[in-house]
Amino acid sequence: MPQLNPEFFVSQLFWLVVTFSFLFVFLWRVSLPRIGNVLEKRDRKVTEDLTAAKELQAEASQIQEKIEKQLKQARTDASEMIKSSSIALQDKAQTELKKLDKELETKIDESAKAIDKSKSESVSQIQEQIHEITKLTLTKVATFNVSDDEIKKAVSNSERSIN
């Protein structure tokens with residue numbers, strides 16, 4: 001193998017130094033600065049993204065707090081509205097019940113008066129009928145005449161004894 005021949009060692013070393021020097025200079029002047037720039041850009045991008053994420057997270061937590069406050073306020077308002085409407089409905093129901101009670105009382109009073117009136121009319125009609133029946137019976141049974149006043153007195157006396 002010619003690589004292991006000692007007479008070619010010097011030329012191989014020369015080209016090795018030239019190749020590695022060229023490669024070293026190329027990497028040092030061209031590739032490494034580009035890689036360094038890319039790494040710096042990535043680092044800046046990651047830092048910016050982290051900063052933006054922290055800001056967005058802070059904004060999101062503020063928005064969440066606002067939403068929670070608004071929900072709490074809405075719940076409070078809703079419960080207050082429910083309470084006030086239920087109280088208003090209860091008050092309205094109470095007034096309606098009182099109104100109905102008054103109407104029923106007046107109707108009951110009117111009915112009681114009408115019943116009393118009908119009762120007194122019926123009693124007076126019954127008394128007149130009793131008077132007439134008694135008069136007819138006495139005229140048929142008895143041979144003597146009885147006056148209307150005497151019949152009324154007798155009927156009223158018998159009424160008192162029944163009551």
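Biologist: What makes up the patch of negative charge on the surface?

Modeller: Asp 101, Glu 105, Asp 109 and Glu 110 gather there. Asp and Glu count as negative, Lys and Arg as positive, while His and the chain ends are not counted. A patch takes residues with over 30% relative accessible area and no salt bridge, joining like charges within 9 Å and nonpolar side chains (Val, Leu, Ile, Met, Phe, Trp, Tyr) within 5 Å. A salt bridge is a Lys or Arg side-chain nitrogen within 4 Å of an Asp or Glu carboxyl oxygen. This is a predicted model, where local features need pLDDT of at least 70, side-chain atom pairs need 80 or more, and totals for chains, interfaces and linings use all residues. Residues are numbered from 1 along each chain as its sequence is written, and side-chain values use heavy atoms, without hydrogens or water.

Biologist: Why is Glu 105 called exposed?

Modeller: Its relative accessible area is 52%, and exposed means over 50% (buried is under 20%, partly exposed in between; 1.4 Å probe, protein chains only). So Glu 105 counts as exposed. Glu 105 lies in helix 1, as does Leu 32; helix 1 covers residues 9-141. A helix is a DSSP run of H or I with at least four residues.

Biologist: Which nonpolar patch includes Leu 32?

Modeller: The patch has about 990 Å² of accessible area together, and Phe 20, Phe 26 and Ile 35 are among its other members.

Biologist: How do you know that the protein is not a compact globule?

Modeller: The radius of gyration, taken over C-alpha atoms, is 62 Å, against near 15 Å for a compact globule of 163 residues. The C-alpha trace spans about 190 × 35 × 20 Å along its principal axes, and buried residues make up 3% of the 163.

Terms used: Areas by Shrake-Rupley, 256 points an atom, 1.4 Å probe, with all protein chains shown as cover. Helix = DSSP H or I, 4+ residues; strand = E, 2+ residues; numbered from the N terminus. Charge placed at Lys NZ, Arg CZ, Asp CG, Glu CD. Rg over C-alpha atoms; globule rule 2.2 N^0.38 Å.
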